[in-house]
Amino acid sequence: MRHIQVTIPIGKRKALLDLLDDEGIDYVVTDETSSREYDAVVSFPVPTNAVEPILDSLQDAGIDEDAHTVVLDAETVVSRQFEQLQDEYATETVEEEQISRQELLTRADELTPTFSVFLAMTVISAIVATVGLMLDSPAVVVGSMVIAPLIGPALSASIGTVVNDREVFMAGMRYQFTGVFGGIIAAAVVAWIFQSLFLVPPGAEITEIDEIAERIAPELLLLPVALGAGAAGILSLATGFSIAIVGVMIAAALVPPMAAAGIAIAYGLPVAAVGSTVLVLVNLLGVNLSGLLTLRYMGYRPNSWFEVSTAHTKFVKQVAVFVAVITILSLFLASTTFASYQVSEFEGTAATEAESVLESEDELSLLEVEVEVHGDGFPLDRSLDATQQVDVVVIEVGGPPGAYDETIVSSLEERINAHTTGETEVQVRFVTTGGAELDQPTETADDVPAT
């Protein structure tokens, strides 16, 4: 429920009160004596979803933007006439709970701090995320999402497009892209400092940290996260649901990849940096696209009928641009997904072949199969056939002491190479069932003992 107060310009009192009477709205009029431009102040309660049509009708009746219009949140209204008004505007859809276009713009503005504060908070968020990724700490990464002020600009850009407010749209996009690239730069600087001060061991494989690895080789399945975040953000903003929770969801789609891109830059991994940056851009545009479509679905339009056609044209163009760019960037994510699928499928095939070789050996059992792909494991370094890029297949076999059998090694080597292009190194490690490694050397595909 909302309580509206409107100053009535001189000469507009009768037209405005007649309009409220026609709408069945119970109101109170107070004479205005402090200004020559206004005759009175009218106050009245309305259901939440009635605010926008009522305010639009008041503007048509002569209440221009110079008049003072205040919309307050009303906890309780006790009035039989108001109950009838609620019944009139009651629906079984989300429209019953959605706020007016005017309130939507105000809320989005409240969620967007000044540019300096926004940039500072985004940079701090990226730095915290960088520390969390390098420590492989999900808790710290989640903490970085909580402080990221990304939800306001993301939703403002969508709102600006739908209501044909170019200034709001441009401000939202400027905030977002500046924040993203500022965060990447901050993450790169912090990661470089950590590396220079030897806070991270020089020989550490940064790409083997789980929290980093999943973001420098992103997959297509991460795109729905951003789409869901944008839609949930608009629904939360428009219906009064907890916006803070959705803000964390939007930050989850943007902040960790920003930090991963900065880390990759600091460690001289350009392909990994490209992967993370592509993920950030896809998620950023995905949030904006889903927010835009959700606003359109909820029926938000400009105030003036003359602006509706223009807003519709801009909406279609904006959606087309977002879809085109997301599609192009998603080709990278699709290649990553396909390469990961190929490697996973090959690993399953290798495990099946290993089990087939060992099934006749009662004392031996397959413990683990691991596939290592060269090119640092990044999709852009792989060919379309990921099996051509397999470096090593490591097979761990458990059994009693003295179970080493060169015939088994040769069979495994032959069977696995049948599924790859060229010669793939196969390492077979025999360990005792108790877990201690046997005295026999590890055999590789070229029969050279591993060290």
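In this predicted model, the buried residues of helix H1 pack against four elements: strand E1 (2-9), strand E2 (28-31), strand E3 (38-46) and helix H2 (51-60). Helix H1 spans residues 13-23, and its buried residues are Leu16, Leu17, Leu19 and Leu20. When the helix is viewed down its axis, these residues fall within an arc of 155°, and they therefore line one face of H1. Lys14 and Asp22, on the other side of H1, are exposed. Just after the helix comes Gly24, which takes a positive phi of about 75°.

Aromatic rings were examined next. A pair of aromatic rings is described by two quantities, the distance of the centres and the angle of the planes. A search of the whole structure finds two such pairs. In one of them, the ring centres of Phe115 and Tyr175 are 5.3 Å apart and the planes stand at 80°; because planes over 60 degrees apart count as edge-to-face, this pair is classed as edge-to-face. Phe115 belongs to helix H5 (residues 115-134) and Tyr175 to helix H8 (residues 166-196), so the pair ties together parts that are 60 residues apart in sequence. The two partners are not equally accessible: Phe115 is partly exposed, with a relative accessible area of 27%, whereas Tyr175, at 10% relative accessibility, counts as buried.

Tyr175 also pairs with Phe118, with 5.0 Å from centre to centre and 45° between the planes, and this pair is tilted. The link again joins distant parts of the chain, since Phe118 lies in helix H5 and Tyr175 in helix H8, 57 residues apart. Phe118 has a relative accessibility of 0% and counts as buried, because the cut-off for a buried residue is under 20%. Through these ring pairs, Phe115, Phe118 and Tyr175 are linked into a cluster.

Charged side chains were also found over aromatic rings. One case involves a member of the cluster: the charged end of Arg174 sits over the ring of Phe115, at 5.2 Å from the ring centre. In another case, Arg296 lies over the face of Phe315, and the distance to the ring centre is 4.8 Å.

How values were computed:
Residues are numbered from 1 along each chain as its sequence is written. This is a predicted model: local features need pLDDT of at least 70, side-chain atom pairs count only at pLDDT 80 or more; totals for chains, interfaces and linings use all residues. Side-chain values use heavy atoms; hydrogens and water are left out. Rings of Phe, Tyr and Trp (its six-membered ring) pair if their centres lie within 6.5 Å; planes under 30 degrees apart count as stacked, over 60 as edge-to-face and the rest as tilted. Helices (H or I, at least four residues) and strands (E, at least two) are DSSP runs, numbered from the N terminus. Buried means under 20% relative accessible area, exposed over 50%, partly exposed in between (1.4 Å probe, protein chains only). A charge sits over a ring if NZ of Lys or CZ of Arg is within 6 Å of the ring centre and within 35 degrees of the ring normal. The arc is that of the directions from the helix axis to the C-beta atoms. Contact means heavy atoms within 4.5 Å.
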